[in-house]
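Here is a note for a colleague who is meeting this structure for the first time. Please keep the model open while going through the points.

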Amino acid sequence: MAQKIILSGMQPTGRLHLGNYEGALKNWVALQQDYEMFCCIVDWHALTADYDKTELMPDRIFQVAVDYLSAGLDPERCSIFVQSHIKEHAELHLLFSMIIPIPWLERVPSYKEKATELGLDSYGFLGYPLLQAADILIYRADFVPVGKDQLPHIELTREVARRFNSLYGKVFPEPQGKLTKFAAIPGTDGRKMSKSYNNHITMGESPEDTGAKIKKMFTDPQKLRRNDPGRPDICPVYALQKIYNADYEELYAPCTTGELGCVQCKSKLIESLNDKLAPVRARRAELEAHPDTVYDILHQGADTARKRAVKTMALVRQAMHLA
Ligand code: SF4
């Protein structure tokens, strides 16, 4: 039986952080065992906000590719490629733009929010979810791994597929969001880890820099002195202990009684975090030392993805009498 297809992607914003690793990449690595995976680096999407920083793009793409591979994505099992290397994404996006009413795009929840927050008003920004639909449907994907907040984007993709199919005959399956177990990763200030908050620890951070960041990390604000009782349930350091320290439960009671101080607690986290990340960092260093290997993988991935995209476009053109 043919394997089901998954499309996933991230924007090339530079080095990925632990939030990206725990929240998405680890899931992708698990999924590559059972699905045909297409893992895209969506550089055209990054242009919606960074259209004036294109000189940064080559290195950012390289760093994301290195992070994909060091997290464990296997180019033998999944196609890793750059979106702009497959021009069919753009062609499909253009054709979709002829059949999708503008209000469908304006009502995507993140549109108004981000337009105000980031001051974006370009045509490309409005069409972002439609390009995303093209990214997914060009591979006729069955599933897309997403967080809950991205479900409206998948719903739009499903609507696009339905509209196309009703106009021209069935070409596209309606993909489903694959909600995966996302570990909530707090940043060093206790908010969600994010590059825009500058509270992140990158996957390739050195052990020393990781230590320095954890030492400055927010804890329970009521635990001001070593012997004050703490509340692990609201402490971001403890949230990371749960992920990286196998003995995290042993820290709970001593924190609540004041027996354990934050400095000592953080030292344990630094040790276990650096231990867990050591293999990822070793793979990262190896790949950074051999950039040609990374570029070869991206070219191979693009070749596989292109074959699939070309087939889909042949079906699309035939259905639309454009063949
Ligand atoms: S001892 Fe650890 S868990 Fe408790 S408040 Fe301090 S850092 Fe957080």
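The numbered points below go from the division of the chain to its cores, its ligand and some single residues.

1. The model is a predicted one, and the chain in it is divided into domain 1, made of residues 5-184 together with 290-319, and domain 2, residues 204-284. Taken over C-alpha atoms, the centres of domain 1 and domain 2 are separated by 35 Å. Where the domains meet, 7 residues of domain 1 are in contact with 5 residues of domain 2. On the side of domain 1 that touches domain 2, the largest share comes from helix 3 (residues 57-71), which supplies 4 residues. By class, that side of domain 1 has 4 nonpolar, 1 polar and 2 charged residues.

2. A good place to look next is strand 3. In strand 3, residues 78-82, 5 of the 5 residues are buried. In a regular strand the side chains alternate between the two faces of the sheet. Here both faces are covered, with Cys78, Ile80 and Val82 buried on one side and Ser79 and Phe81 buried on the other. Strand 3 pairs with strand 2 (residues 36-41) in the parallel sense, over 5 bridges, and isoleucine 41 stands opposite valine 82 of strand 3.

3. Which residues of the largest nonpolar core touch the most other members? They are Cys39, Ala65, Tyr68, Ile80 and Leu137, in a core of 61 residues. Apart from that core lies another, of 14 residues, which includes Leu251, Leu260, Cys265 and Leu273. In soluble globular proteins, nonpolar side chains tend to be buried together. For tyrosine 68, if neighbours within four places in sequence are left aside, the contacts are Leu25, Cys39, Leu73 and Ile80. Ile80, already met on one of the covered faces of strand 3, is thus listed among the contacts of tyrosine 68.

4. The ligand deserves a point to itself. It is surrounded by 13 residues, of which the closest are Gly230, Cys235, Cys255, Cys262 and Cys265. Helix 11 (236-244) and helix 13 (262-289) are the elements that give two or more residues to this shell, and helix 13 gives the most, with 3 residues. By class, the shell around the ligand divides into 8 nonpolar, 2 polar and 3 charged residues. Cys265, one of the closest residues to the ligand, is also a member of the core of 14 residues.

5. Asparagine 245 lies in the loop between helix 11 and helix 12 (249-257). Is asparagine 245 buried or exposed? Asparagine 245 is buried, because 20 other C-beta atoms lie within 10 Å, and 20 or more is what that class requires. Neighbours within four places in sequence aside, asparagine 245 is in contact with Lys268, Leu269 and Ser272. Asparagine 245 and lysine 276, which are 31 residues apart in sequence, are 8.8 Å apart in space, C-alpha to C-alpha.

6. Helix 6, residues 109-118, is hardly covered, since the count of buried residues among its 10 residues is 0. Helix 6 is followed by glycine 119, whose phi is positive, near 65°.

7. Two other backbone angles should be checked by eye. Most residues other than glycine have a negative phi. Arginine 140, in the loop between helix 8 (128-137) and strand 4 (143-146), has a positive phi near 50°, and this residue counts as partly exposed because it has 18 C-beta neighbours inside 10 Å. Histidine 321, in the segment after helix 14 (291-319), has a positive phi of about 60° although it is not a glycine. Histidine 321 counts as exposed, because it has 7 C-beta neighbours inside 10 Å.

8. Methionine 320 also lies in the segment after helix 14, and it counts as partly exposed because 16 C-beta neighbours are found inside 10 Å. Leaving aside neighbours within four places in sequence, methionine 320 is in contact with Leu95 and Tyr168. The C-alpha atoms of methionine 320 and leucine 167 are separated by 8.8 Å, although the two residues are 153 residues apart along the chain.

Conventions:
Residues numbered from 1 in each chain as written. Predicted model: local features only at pLDDT ≥ 70, side-chain atom pairs only at ≥ 80, totals over all residues. Buried ≥ 20, exposed ≤ 12 C-beta atoms within 10 Å, placed from the backbone. Pairing = 2+ DSSP bridges. Near = placed C-beta within 6 Å. Nonpolar A, V, L, I, M, F, W, Y, C, P; charged D, E, K, R; others polar. Domains from an automatic or database assignment. Contact = placed C-beta atoms within 7 Å. Core = buried A, V, L, I, M, F, W, Y, C linked by C-beta atoms within 7 Å.
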